[in-house]
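Please open the model in your viewer and keep the selection panel at hand, as this tour moves from one selection to the next.

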Amino acid sequence: MTVPAVTYLRADGPGGAWTAAAGPALRAGTAVVLYASAGSWNVPDGPGLRALLGREYERYRAAGHRPAARARFAASRRLVKHAAAAVLDVPADELELARGPAGRPYLRGCDRLGLSLSHTGGLLVLALSLHGAIGADAEALGRSGCRVLLAQRACTPHELADLRALPAHERGDAMLRLWTLKEAYTKALGVGTGLPFRTFGFRVEGTAAVLHDNAGEPVRPGEWTFTTHRLGTGHVVSTASARAPGP
């Protein structure tokens, strides 16, 4: 049986079928993407939230003048901790979330579980892997046209040629797929904005993608898996995950 590269699970709130499905999928060698409405993970301020956030509680409090950002921050951390708790079979409030030098989140003392957070509007996305680095990014589809200036700033010549070859009404969503793939890859690498988007590109084939250099040549085909997936919520989610080692 072929193991899928990524398993997508809707995770609107603690509990539910996703908690039983995530662990087995990860142990089978697939990455897992959990997606949810931020509202389904809302939690009121108080001792319970303080215990859940731990050292990040002060970051939460610092966003007090932006209620929506504050609520999303708390909801995303609650999602991360409950998801990791379901996978690792430990209490959620015993897990501590930290951030690396480039801002990539990780679980302190639990390097084997890679994770990546993304949000857009009211959607939260959390990607998980037990086989190394992972990155994920999400965007709402159909928000605008091709965004010519964005494409010229972020795409390689080969990506620009691929975009121009598409019907005009398909270019906007195709550009968002490329953008989210680039965001996911740089998140997985932990380099933030240190890797210019025009120095690497992707060729999308269905829900999979292949990494290319600026000259259009495939690179690192045996090291990474890239996927791009349209959710029923009207968003595209792309992932970059280090491939599981062979037997």
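The tour below visits two pockets and then a group of aromatic side chains.

Keep in mind throughout that this is a predicted model. Begin by selecting Arg 99, Gly 103, Leu 117, His 119 and Lys 187, which, among the 32 residues that line the largest pocket, lie nearest its centre. The volume of this largest pocket is about 680 Å³. To see which elements contribute to the lining, colour helix H3 (57-62), helix H4 (67-88), strand E5 (114-120) and helix H7 (168-189), each of which supplies at least two residues. Of the elements, H4 provides the largest share of the lining of the largest pocket, namely six residues. If you then colour the lining of the largest pocket by residue class, you should find 14 nonpolar, nine polar and nine charged residues.

Move next to the second largest pocket, whose volume is about 240 Å³. Select Ala 208, Ala 209, Thr 225, Phe 226 and Thr 227, which are the closest to its centre out of the 19 residues that line this second largest pocket. Strand E1 (6-10), strand E9 (208-213) and strand E10 (224-230) are the elements that give two or more residues to the lining of the second largest pocket, and E10 gives the most, with six residues. By class, the lining of the second largest pocket consists of twelve nonpolar, five polar and two charged residues.

Now turn to the aromatic side chains, of which the structure holds eleven pairs. Select Tyr 185 and Trp 224, which form an edge-to-face pair with 5.4 Å from centre to centre and 90 degrees between the planes. Because Tyr 185 lies in helix H7 and Trp 224 in strand E10, this pair ties together parts that are 39 residues apart in sequence. Are Tyr 185 and Trp 224 buried or exposed? Both Tyr 185 and Trp 224 are buried.

Add Phe 197 and Phe 200, which also form an edge-to-face aromatic pair, with 5.9 Å from centre to centre and 80 degrees between the planes. Phe 197 has a relative accessibility of 14% and therefore counts as buried, and Phe 200, at 5% relative accessibility, counts as buried too. With Phe 200 still selected, show Lys 182, which lies over the face of Phe 200 at 4.9 Å from the ring centre.

As a last selection, display Trp 179, Tyr 185, Phe 197, Phe 200, Phe 202, Trp 224 and Phe 226 together, since these residues form one aromatic cluster. Phe 226 links back to an earlier stop, being one of the residues closest to the centre of the second largest pocket.

Technical notes:
Residues numbered from 1 in each chain as written. Predicted model: local features only at pLDDT ≥ 70, side-chain atom pairs only at ≥ 80, totals over all residues. Heavy atoms only, no water. 1 Å grid on protein atoms, 1.4 Å probe; cavity = no way out; pocket = protein on both sides within 12 Å on 5 of 7 lines; lining within 4 Å. Points joined across faces, edges and corners; volume = space filled by probe spheres on them. Helix = DSSP H or I, 4+ residues; strand = E, 2+ residues; numbered from the N terminus. Nonpolar A, V, L, I, M, F, W, Y, C, P; charged D, E, K, R; others polar. Phe/Tyr/Trp six-rings, centres within 6.5 Å; stacked < 30°, edge-to-face > 60°. Buried < 20%, exposed > 50% of the residue type's maximum accessible area, 1.4 Å probe, protein only. Lys NZ or Arg CZ within 6 Å of the ring centre and 35° of its normal.
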